[in-house]
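Here's a quick tour of one protein model, meant to be read with the viewer open. Have a look around first, then come back for the details.

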Amino acid sequence: MDLGLTRRLALATVLAVATTLLVLGAAPSPAGASSPDIVISQVYGAGGNAGAVRTHDFVELYNRGAIPIDLTGWSVQYSSATGTGNFGTNSPTSLSGTLPAGAHYLVRMAGGTNGAPLPAPDATGTIAMAAGAGKVVVVRPGAPLGLACNGGSDPCDAAETARIADLVGYGGANYFETAPAPSPSATTAILRGADGATDTDNNSSDFVTGVPNPRNCGEACVDAPPPPPLCEPPPSYEIAQVQGTGFASPLVGSCVRVSGVVTGDFNDASELGGFYMQDDTPDTDPLTSDGIFVASTTPVIVGDRVTVDGTAMETFGETQLTSATVAVIGTGSIAPAVYDLPRPAGTTFEPVEGVLLTFPETLTATEHFQLGRFGEVAVSSDGRLYQPTDRVAPGPEAQAMAAQNRLRRLLLDDGSAVQNPTTLPYLEPEAVRIGDTASGVTGVLGFGFSSYRLQPTAPIAFARTNPRPAAPDEVGGDIQVASFNALNYFTTLTTENRNARGANSEAEFARQQIKEVEAILGIDADILGLMEIENNGDEAIASLVGALNEEAGAGTYAYIVEPSLNPPNVLGGTFGTDAIKVAIIYRPAAVTPVGAAQTSADPIFDRPPLVQTFERVGGSEPVTVVVNHFKSKNCGTGAPGDADQGDGQGCFNARRVLQAEALVALLDTLAVPNPLVIGDLNAYTEEDPIHVIEDAGYVGLSEQFMADDDRYSYVFDGFSGELDHALAGPDLVDNVTGATIWHINADEPLILDYNLDFGRDPNLFEANPYRTSDHDPLIVGLDLRADSVPAAPVVSVVAGWNAATVTWEAPDDGGQAITGYELRVLQGTTEVASASVGPDVRSHTFGDLDNGVTYRFEVVATNGLGAGPAGAATARPFEPPLRQHVDLDAEAACPGFTVTNSNAYPVGFEWTAASGHGSGVVAAGETVVVADAGPQRWNVLLLFAGHRLQDAELARCR
């Protein structure tokens, strides 16, 4: 099976456009081996701008081949030069008609009022292209229409690359053929040589700038030719013979006849356009599949026994029968084969492609990024999948874990080829979250979009085993500090400035702001470091703080004014040149900034760090919050060391290491007190940049305070891991009281965020914090109270016969360890007894107290700074109604006697002997030994121990 797959195409279209594919790549890349017939011949992106010579942006195509090309299902798509938006998110422009050989085709895009109008376009789109830099592709038919890649930060996989008939990257684009074409302007377009015929697979040499010269096809573009005729009556085969033992059918292109039973009916126009059938008399070869997909609109139902005449094809990776004639000849049944995950090492799903399967184990949702676009959810056996480099070392260990993850994974589809379906699975009664589980999953295993995927034949119900957390876990402390990636909070709309990255409309911005406010109020931190705030001066951050204060009350939040580092960027910001920046907001009622914010002008930082020291209102130890957003893992142009090294750390790891080293050096130079490094470091826990910071003495807090299963803040490609970190400097570690990650975003499906892209149902939106961003916030508790003498202990007293037992709780130590306790017994203002005990003692019993007298018992804790205030309680020893004694005459020499008190109160006692007399006290439940100087004869031994003999048990010598 060819792993470069897109959605299925009709056979006629496949035959019409089959060419040798161009090799595309990010710069620099070798030119393709052969050029396509349909090429982009001209691009103009300044339409309607000031000084423009044409009213609209446009893309011109050219058929440089020798035969007409049917453009039905083709599209022109655009992505910004280096941004993160994909081709499919920019409203792809659909094409139609047949373009004759040697003819041009004009696609009009967005525009304005300046310049001359274009000739009548052959297709019209709404894309607003950048004037000087961008990426344009012409895309062959397939589903989804729009490509879910941009060639740069989101590379195009083999399936997506196979659909790109031609690519032009111009200006500073990070995706092109060999090298980018030159930058056009308001008065120039880029034009392919020889009126569009030149194509050496090098954008730089194939294009020049010149006066825009848009040309259309007009009436020359005729209807598509009819499809080729069906094949003649074919020979009969078993399905296993058509499938073969490898990835591709050994009978590709052959007319075949197969028989079997329908196992999955997906032939509606809104579904897959066909059905799965399976041989109920399978062969014995474990490498051959007994199921196959039939591209047909002939009505069938599950259980029909059918004979199919068709052409065996590898339709973008899946073995199928196309141009099929279907005859229902009876009924039958197929029991689903039981398939256990994980798959054995070294195997694929290929031997069961097209087969009806059931998975007996509980499967866990581990990815739902494409739920809204394509109805897909990935599941895995043995719980969710974790990012390898978050748990093990990069390199062989991470590669081994990634391989095992792949064996545990299964993709669930919705039996449809429709993009953005109006009815989505797994949203009732609540939207499925990563970590939810399903059992008894059953369906037919197909292949599409470079993945094996299960098309369910029975409803799949997810148990909500990972419910939404209503609030973050408690982290303690007297202040809380949090880190939160706000996911492109821009007050500038993308329709106002092509460099903006957030909301596309006022309606989207209003939805985004509501969620941001709900999330930040729920985080409930005194200091909040933010990432992905628009770098436009104070405008965006002031907008967010204003919205917070409107909800929480005037003055509840304020923001830190950042340093100015550079001339204004394209959005007006002076804190770095990127479109986004980090920021800090705080609660003035809780903390006070100390001095001005600091940063670094080192060009190694794509987005400069923001460094601000705070104290608690009223004074405390300081804490310096250091907010960061390191270089992302998305691939693009860069030094050779910035390429993906294949060790699991992604692209730009070397850059992030340098950023980590520069950050440590910056903090050493600034000598700020108690640094707390927070932010989206774009590195997982076991990756090099994190270890650089840890090796400098900083301690990762989530590892210290969180269970491994909860330690994740981001999900990518179905792998959960922690990109968002909090690392405390050595002197701050003892002040940390807790850390947690509030899982409100990473586990939630993308379809629930603020966007209205792709015709999303606006009613899915909820004014709550869930899916505000793609990152979860991380929260840290700190105790910043300055060192002081200990607080007063909480004291209690139990009185007894001529005695009392004092107990106390260890008080707050004031920041320094308690060294001991001083105890006093007062009668009025007169001290009648005292004692000193060590720091681990929590009780002491006093004797020789008068019964019927009220005493005050005080306990004072001391530490290295001195004694704290006294904690106190009062009590009155008992007045016994009768004083009795026990005669313990001893005739033999012995050293003494013992007293055991089984009461719940202390007991005082006295004794008299020939050698003298004395007194003692025994605490509740304790035994006391009274011994003389040595063995002697006791002539008389009298013990007074309360008013009842059972008040004390006496042991004596005989």
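What follows covers two sheets, a loop residue, some salt bridges and a helix.

## A mixed sheet at the start of the chain

Keep in mind that this is a predicted model. One place to begin is an open sheet of six strands, running E8-E7-E2-E1-E11-E12 with mixed pairing. Its edges are E8 (123-124) and E12 (207-210), and each of these finds a partner on one side only.

Zoom in on the E8 end. Strand E7, residues 104-111, runs parallel to E8, and two bridges hold the pairing. Within that pair, Arg108 sits opposite Thr124 of E8. As a reminder, strands in a sheet pair through backbone hydrogen bonds, in either a parallel or an antiparallel way.

## Thr55, tucked into a loop

Is Thr55 buried or exposed? Thr55 belongs to the loop between strand E1 (38-44) and strand E2 (56-63). Its relative accessibility comes to 9%, so Thr55 counts as buried, the cut-off being under 20%.

Who are the neighbours? Leaving out residues up to four places away in sequence, Thr55 touches Gly47 and Gly48, and also Gly111, Gly112, Thr113, Asn114, Gly115, Ala116, Pro117 and Leu118.

## A second mixed sheet

Another open sheet has six strands in the order E31-E32-E33-E34-E38-E35, and here too the pairing is mixed. E31 (591-598) and E35 (699-700) are the edge strands, each paired on one side only.

In this sheet, strand E33 (residues 623-629) and strand E34 (residues 675-680) go together in the parallel sense, with six bridges between them. His629 faces Asp680 of E34 across that pairing.

## Salt bridges

How many salt bridges does the structure hold? There are 36. One of them joins the side chains of Arg433 and Glu748, at 2.6 Å from N to O. Arg433 is in the loop between strands E23 (409-412) and E24 (437-438), while Glu748 is in the loop between E39 (736-741) and E40 (778-782), so this pair ties together parts 315 residues apart in sequence. Both Arg433 and Glu748 are buried.

Arg587 and Asp526 make another salt bridge through their side chains, at 3.1 Å from N to O. Here Arg587 comes from the loop between strand E30 (580-586) and E31, and Asp526 from the loop between helix H8 (506-523) and strand E28 (527-534), so the parts they tie together are 61 residues apart in sequence. Arg587 and Asp526 are buried as well.

For a contrast in setting, try Arg824 and Glu831, whose closest N and O atoms are 3.7 Å apart in their salt bridge. Arg824 is partly exposed at 35% relative accessible area, and Glu831 is partly exposed at 40%. Back with Arg433 and Glu748, salt bridges with shared partners link these two with Arg384, Arg468, Asp747 and Glu766 in one network.

## Helix H11 and its buried side

Which residues of helix H11 (residues 688-695) are buried? They are Pro689, Ile690, Val692 and Ile693. These residues span an arc of only 155° around the axis, which puts them on the same side of H11. The general rule helps here: an α-helix has 3.6 residues a turn, so residues three or four places apart point the same way.

The cover over the buried residues of H11 includes helix H10 (653-670) and strand E38 (724-728). E38 also has a place in the second sheet, between E34 and E35. After H11 comes Gly697, with a positive phi near 105°.

Key. Residues numbered from 1 in each chain as written. Predicted model: local features only at pLDDT ≥ 70, side-chain atom pairs only at ≥ 80, totals over all residues. Heavy atoms only, no water. Pairing = 2+ DSSP bridges. Helix = DSSP H or I, 4+ residues; strand = E, 2+ residues; numbered from the N terminus. Buried < 20%, exposed > 50% of the residue type's maximum accessible area, 1.4 Å probe, protein only. Contact = heavy atoms within 4.5 Å. Salt bridge = Lys/Arg side-chain N within 4 Å of Asp/Glu carboxyl O. Arc of directions from axis to C-beta.
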